[in-house]
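Hi,

Here is the model we talked about. Have a look at it first, and my notes follow below.

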Amino acid sequence: MLDGYIIAYLNLDEVIRIIREEDDAKASLIAAFSLTDVQAEAILNMRLRSLRKLEEIELRTEHKALTEEKSHLEALLASERKQWGEIARQIGELKKDYGQDTEIGRRRTSFSGVSDVDLDEVATSMIEREPITVILSEKGWIRAIKGHTTEIDEKGFKTGDRLKLMVHAQTTDKLLLLSTGGKVHTLGGDKLPGGRSQGEPVRLMVDIEEGQDLVDLFVYRPGRKRVIASRKGDGFVVAEDELIANTRKGKQVLNVSGTEEAKLIVPVEGDMVAVIGENRKLLVFGIDQLPEMGRGKGVRLQKYKDGGLSDLKTFAASAGLTWTDSSGRTYSKSMADLGEWVAERATAGRQPPTGFPRNNRFTG
Amino acid sequence: MSDDDIPSPEDGAERIVDLRQALEERYLSYALSTITQRALPDARDGLKPVHRRIIHAMRLLRLGPNEAFKKSAKVVGDVIGSFHPHGDQSIYDAMVRLAQDFAMRYPLVDGQGNFGNIDGDGAAAYRYTEARMTDVAMRLLEGITENAVDFKPTYDGSNDEPVVLPGNFPNLLANGSQGIAVGMATSVPPHNVAEICEAALHLIMNPSATVAELMQFIPGPDFPTGGILVEPQASILSAYETGRGSFRLRSRWVREDKGRGVYQIVVTEIPYGVQKSKLVEKIAELLLAKKLPLLKDIRDESADDIRLVIEPRAGTVDPAILMEQLFKLTDLEQRIPLNMNVLDRGTIPRVMSLRRRSSPGSSTARTCWSGAPTTGWAKSPDGSKCSTATSSPISTSTR
């Protein structure tokens with residue numbers, strides 16, 4: 001179409017003459033300048049105003065620009081590489097308009113690695129630290145009274161039930177519970193029911209198997225060790241850190257089979273071990289003869305013909321062995337006096353010295 | 001009700017229909033319709049059908065960013081009448097979300113009036129508010145008049161609507177999308193456009209670039225509400241590679257000393273998708289239930305900015321531990337899921353990795369490329385109907 005306009009301008013006078021004089025101006029135009037129908041139509045519809053030369057220049061430049069663009073577009077359509085280049089250019093423009101230096105383009109979310117805050121500290125700081133006395137009954141009901149007391153209210157137990165043991169602790173402490181099956185369960189001091197009620201059965205808080213009973217309850221202290229022993233007389237040393245469990249199932253520590261039961265879990269307070277059997281034989285040996293394990297059957301502590309283990313105590317050789325009888329009197333024997341009873345572990349032992357409690361326990 | 005009361009079908013056409021089969025058929029077609037026509041965005045322009053129709057309607061109303069605002073009711077009415085035969089409130093809610101600068105990283109709608117706020121207050125009714133498009137929405141529409149995309153008839157056949165928007169803007173990755181269909185869902189977080197552009201340019205130069213390489217340009221999502229992403233690099237990488245994962249997003253906080261050893265913590269940015277008022281309520285509840293022993297008080301001092309003041313019980317409390325507690329128990333730390341499940345080519349839902357999402361070019365759109373569109377070409381006598389338009393450089397690819 002623009003070609004037509006340009007031809008019109010070039011031969012303006014002739015075009016005017018044709019339009020003025022000829023009957024069928026359109027056909028004459030087509031014939032005279034070899035125009036197409038569309039071009040001729042466009043020329044005839046042209047305004048007189050557009051006769052100004054300025055328009056011609058504008059038309060020329062427009063024509064040039066469009067021809068350029070057409071060839072550019074055709075090249076683009078032909079070459080895939082050029083298409084990608086065009087896309088890249090547009091992406092570049094978009095990047096400029098929404099770049100990191102603009103208000104809307106600036107990155108708002110920053111990154112950071114995982115923070116290294118001690119989670120245990122966080123957990124304990126969530127609990128208010130208060131002293132409590134944990135009371136465990138014979139039938140397995142547990143509660144925690146505020147404050148450290150030694151007086152307990154008999155009415156706090158169900159009929160037929162009575163106190164088994166009580167422990168002073170803090171709400172932030174963890175309490176470890178040993179069952180006859182050799183499993184150790186963990187209870188949080190803050191999770192125990194209040195002291196005014198009769199408590200809750202421990203079996204609701206942790207999974208203790210059928211037929212198993214509770215043996216002992218104590219406060220967890222990191223770094224401390226204990227001697228765990230079965231009634232049959234097998235045992236070993238275990239670190240309290242190994243006993244902590246996060247689940248209700250607890251941790252199997254002492255492997256017992258058949259009618260065997262875990263009986264004792266005593267803190268290590270020295271380098272000597274004293275054991276007394278149900279047959280009232282006392283044996284003393286060094287704790288280094290016991291292995292330190294996380295889990296297992298253990299080694300034989302004392303040999304018995306009949307019966308099993310009654311009690312176990314650890315003491316420092318320098319301090320000597322002490323025990324209290326039923327009337328509250330304290331006896332103590334230094335290592336020199338204990339010579340008769342010191343032997344290898346797994347031997348039978350001898351009758352205990354005079355004054356030893358009748359009930360074969362180190363605490364009368 | 002006896003047999004005589006039941007009307008028999010016309011023409012005596014009776015069928016025994018198995019209930020189970022009938023239920024299956026009908027539920028399947030409902031499920032398919034939610035997947036393809038409702039909840040999942042198109043991978044090419046990142047829009048769900050309702051949003052696309054809103055933008056198309058706004059274009060027909062000539063609501064460009066420099067034009068005057070028009071009543072939202074007008075937009076909603078046009079969308080309902082011509083394009084989207086569903087509820088008016090849902091359409092308006094969708095439009096409101098497009099206008100919120102705390103919900104959209106690059107808002108598509110410029111709203112005038114009450115369009116809701118980060119406290120969870122809703123927008124005003126659509127008879128009160130006014131709206132127009134933003135520059136971003138205009139970029140999405142670029143080239144639509146030059147026959148860049150296919151049009152299909154609307155639900156009643158009286159109009160045409162675009163199948164997908166041509167889009168000179170990587171909307172799917174930039175603004176993200178969340179949706180729940182039947183049997184599948186999608187969650188794409190928003191990202192930073194400048195970074196996406198750099199990654200796209202890199203991908204053009206190196207078509208076989210790996211996701212790890214692309215992550216040099218796109219380190220992770222960029223939320224409109226800011227925050228801090230605490231996720232190890234490796235886990236972000238694996239999320240982008242498989243298209244599924246999650247990010248832990250934390251609030252931004254600073255410690256303000258008040259002198260004499262006393263300090264307070266000020267939270268300036270909260271995680272994406274969290275309502276500030278509910279957050280403060282929940283923290284206050286926990287405080288009253290004595291679950292936060294290190295905390296003394298929480299105050300909301302926000303005005304135009306976000307400012308939550310947290311007072312520790314004593315100046316000796318370690319702020320890091322106090323914040324760890326709060327992050328664990330409240331929405332000050334939020335998990336943002338990633339599930340890049342989008343409609344491939346507008347029809348097939350597929351979980352895509354970052355690479356597929358950002359690679360430019362679509363084989364179907366390759367027939368239309370150009371630079372500046374011109375109207376003169378439609379009447380070009382030389383017959384070459386070279387449809388000129390720009391096509392989305394950021395869309396799915398066949399690579």
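Which residues of H11(B) are buried, meaning under 20% relative accessible area with a 1.4 Å probe and protein chains only? They are B:Pro319, B:Ile321, B:Leu322, B:Met323, B:Glu324, B:Gln325, B:Leu326 and B:Phe327. That is eight of the eleven residues in this helix (a DSSP run of H or I, at least four residues, numbered from the N terminus), which spans 319-329.

Some housekeeping: this is a predicted model, where local features need pLDDT of at least 70, side-chain atom pairs count only at pLDDT 80 or more, and totals for chains, interfaces and linings use all residues. Residues are numbered from 1 along each chain, chains are lettered from A and ligands numbered from 1 in the order written, and side-chain values use heavy atoms, leaving out hydrogens and water.

Now the cores (buried Ala, Val, Leu, Ile, Met, Phe, Trp, Tyr and Cys joined through side-chain atoms within 4.5 Å). The largest nonpolar core has 72 residues, and B:Ile54, B:Ile55, B:Leu108, B:Phe169 and B:Tyr240 touch the most other members. Apart from it lies another core of 25 residues, including B:Leu279 and B:Leu326.

Over in chain A, helices H3 (25-33) and H4 (37-44) pack at about 120 degrees with axes 9 Å apart; axes are lines fitted to C-alpha atoms over the stretch in contact, and angles run from 0 to 180 degrees between N-to-C directions. The contact (heavy atoms within 4.5 Å) involves, among others, A:Leu29 and A:Ile30 of H3(A) and A:Ile43 and A:Leu44 of H4(A).

Cheers

Notes
Buried means under 20% relative accessible area, exposed over 50%, partly exposed in between (1.4 Å probe, protein chains only). Helices (H or I, at least four residues) and strands (E, at least two) are DSSP runs, numbered from the N terminus.
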